[in-house]
Amino acid sequence: DKNDKEGIINSKLEKIIPNDYDEISKINFNYVFALKQGKHGVLDLKNNIVIPFLSEERINYDEQQRLFDYDIDKKEVRVTPYNVVVPNKTYSQIFD
């Protein structure tokens, strides 16, 4: 496709994530890991940016706590799916 970029289509062959990304992998039914211009980010399935493309390291998703972990400028950041920073404490679970 578009310069060997990756995207996602649904079962009706409709494009839901355009071919704008260097690499894409699905996390679960709601989120997609993506790599764009050497930076990692997270998208929802409507192509909205959930976690901005700022990290040079892969972003991790804690399914149990429903939090994303990643590094920016060698500092670990933990955020909710709404990109709200969570203090460095352990929580048993996050509820919406």
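Trainee: Let me start with one residue: what is the relative accessible area of Asp62?
Mentor: Begin with the classes: buried means under 20% relative accessible area, exposed means over 50%, and partly exposed lies in between (1.4 Å probe, protein chains only). Asp62 belongs to the partly exposed class, and its relative accessible area is 23%.

Trainee: Before we go on, what kind of model is this?
Mentor: Residues are numbered from 1 along each chain as its sequence is written, and side-chain values use heavy atoms, with hydrogens and water left out. Local features need pLDDT of at least 70, side-chain atom pairs count only at pLDDT 80 or more, and totals for chains, interfaces and linings use all residues, for this is a predicted model.

Trainee: Which residue meets Asp62 in a salt bridge at 3.6 Å, N to O?
Mentor: A salt bridge here is a side-chain nitrogen of Lys or Arg within 4 Å of a carboxyl oxygen of Asp or Glu. The partner at 3.6 Å is Arg78. Asp62 lies in strand 7 and Arg78 in strand 9, so the pair ties together parts that are 16 residues apart in sequence. With a relative accessible area of 13%, the buried partner is Arg78.

Trainee: Which residue joins Asp62 and Arg78 in a network of salt bridges?
Mentor: By the rule above, the count comes to 5 salt bridges. Some of them link up into a network, where Asp62 and Arg78 are joined by Asp69.

Trainee: How many strands does the protein have?
Mentor: Strands are DSSP runs of E with at least two residues, helices are runs of H or I with at least four, and numbering starts at the N terminus. Read along the sequence, the pattern is β-β-β-β-β-β-β-β-β. That fits a count of 0 helices and, for strands, 9.

Trainee: In what order do 4 of these strands form an open sheet?
Mentor: Two strands pair if DSSP finds at least two bridges between them. In this sheet the pairing is antiparallel. Strand 3 (23-26) and strand 6 (49-55) each pair on one side only, which makes them the edge strands. The order is 3-4-5-6.

Trainee: What is the bridge partner of Phe33 in strand 5?
Mentor: Strand 4 (residues 31-36) pairs with strand 5 in the antiparallel sense over 6 bridges. These two strands form a hairpin with 2 residues between them, and Gln37 in the turn has a positive phi of about 55°. Across this pairing, the partner of Phe33 is Val42.

Trainee: Which residue in the hairpin of strand 5 and strand 6 takes a positive phi near 70°?
Mentor: Strand 5 and strand 6 run antiparallel, joined by 3 bridges. In strand 6, Ile49 is the bridge partner of Leu43. The hairpin has 4 residues between the strands, and the residue with this positive phi is Asn47.

Trainee: How many of the 6 residues of strand 5 are buried?
Mentor: For the whole protein, buried residues make up 35% of the 96 residues. Strand 5 (residues 39-44) is largely enclosed by the rest of the structure, because its buried residues number 5.

Trainee: How many residues make up the largest nonpolar core?
Mentor: A nonpolar core is a set of buried Ala, Val, Leu, Ile, Met, Phe, Trp, Tyr and Cys residues joined through side-chain atoms within 4.5 Å. The largest one includes Phe33, Val42, Ile51, Tyr70 and Val79. Strand 4, strand 6, strand 8 (67-72) and strand 9 (75-79) are the elements that give two or more residues to this core. Its residues number 11.

Trainee: How many residues are in the other core, the one with Ile8 and Ile17?
Mentor: That core lies apart from the largest one. Leu43 and Phe53 are also among its residues, which come to 8.

Trainee: Which residue forms a salt bridge with Lys39?
Mentor: Lys39 is partly exposed at 28% relative accessibility, and the N to O distance to its partner is 3.3 Å. The partner sits in the loop between strand 6 and strand 7 (60-62), while Lys39 is in strand 5, 17 residues apart. The partner is exposed, with a relative accessible area of 58%. Its name is Glu56.

Trainee: Which residue meets Asp22 in a salt bridge?
Mentor: Asp22 is partly exposed, with a relative accessible area of 29%. The N to O distance in the pair is 2.4 Å, and the partner is Lys5.
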